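Dear colleague,

I am handing over the structure below, together with some notes on what was found in it. Please read them with the structure open beside you.

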Amino acid sequence: MPISVAIVEDNVEICEMLTRTVERASSLRFLQSFSSGEEALEKLPELKPDVVIMDIQLPGITGVETTLQLKAKVPDIQVLVFTVFGDSDLVFKALEAGASGYLLKRTPRQEIVEAVKDVWFGGAPMSGEIARKVVDSFRKPAKAKDADLEDLTPREEEVLALLAKGYITKEIADQLGISFDTVRFHLKHIYRKLHVRSRSEALIKYLK
């Protein structure tokens, strides 16, 4: 089944480019586009796309706030943030709000398609420059282990450690000799125990 995709973008030209990119990809299925966070929050919970491509700088409710509210309503929706900005603080706000990946708007179209597929299959795509900023931000003095991490089972810690190494869900399943669905089951428990809504938030908490 193709991966269903919705777009939240107020720039008409960029929205049309994204729509054409999704429509031309045989592995993706375009559902609908929205020009504001308010409209997206009204329609997306019922539409339930697999992946949402989300602009950060939206009029009214920002993309970060839209992501936060959307993930609270429909946790399974994967959000791929798409913006002209490369500010690491904004990256963290988006990831902490529940976004699963982050790309700059100058990203080539084929890479956008691959990023949507990557997000759906358990990855956390980022442009190289953003990934470097995120990695740099983790290079801080070690501190005491987060109390929430103490609640994880040994298997859940294994899953989280592989996630931190960049493995996607299918690769974690292969590494541990378990099924894809079992990994997703473990991830849901990890998110609940860490009080997060996405793998990006889980990694931020784990790596800090």
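Strand 1 and strand 3 run parallel and are joined by four bridges, and within this pairing alanine 6 stands opposite valine 52 of strand 3. Please keep in mind throughout that this is a predicted model. On strand 2, strand 1 (residues 3-8) has another parallel partner, to which six bridges join it; here serine 4 has arginine 29 as its bridge partner.

These pairings belong to an open sheet of five strands, paired in parallel and arranged in the order 2-1-3-4-5. Strand 2 (28-34) and strand 5 (101-104) each have a single partner strand, so that one side of each is left without a neighbour in the sheet, and these two stand at its edges. From one strand to the next, the twist averages 25 degrees. As general background, the strands of a sheet pair through backbone hydrogen bonds, in either a parallel or an antiparallel manner.

Strand 1 deserves a second look for its surroundings, since it is mostly covered, with six of its six residues buried. Its side chains are divided between two directions, with Ile3, Val5 and Ile7 pointing one way and Ser4, Ala6 and Val8 pointing the other way, and all of them are buried.

What lies across strand 1? Helix 1 (residues 12-24) does, and this helix also lies across strand 2, strand 3 (51-54) and strand 4 (78-83), while its direction runs at about 160 degrees to strand 2. Helix 3 (residues 63-73) packs on the sheet as well, where it touches strand 3 and strand 4 and makes an angle of about 160 degrees with the direction of strand 3. Taken together with the strands on either side of it in the chain, helix 1 forms part of a right-handed β-α-β unit, made of strand 1, helix 1 and strand 2.

One residue of helix 1 may serve as an example, namely threonine 19. Is threonine 19 buried or exposed? Its relative accessible area is 13%, and because a residue under 20% counts as buried, threonine 19 is buried. If its neighbours within four places in sequence are left aside, threonine 19 is in contact with Ile7 and Phe30. Of these two, Ile7 is among the buried residues of strand 1 described above.

With kind regards

Terms used: Residues are numbered from 1 along each chain as its sequence is written. This is a predicted model: local features need pLDDT of at least 70, side-chain atom pairs count only at pLDDT 80 or more; totals for chains, interfaces and linings use all residues. Side-chain values use heavy atoms; hydrogens and water are left out. Two strands pair if DSSP finds at least two bridges between them. Axes are lines fitted to C-alpha atoms, for helices over the stretch in contact, and angles run from 0 to 180 degrees between N-to-C directions. Contact means heavy atoms within 4.5 Å. Buried means under 20% relative accessible area, exposed over 50%, partly exposed in between (1.4 Å probe, protein chains only). A crossover is right-handed if, with the strands pointing away from the viewer, the path from the first strand over the helix to the second runs clockwise.
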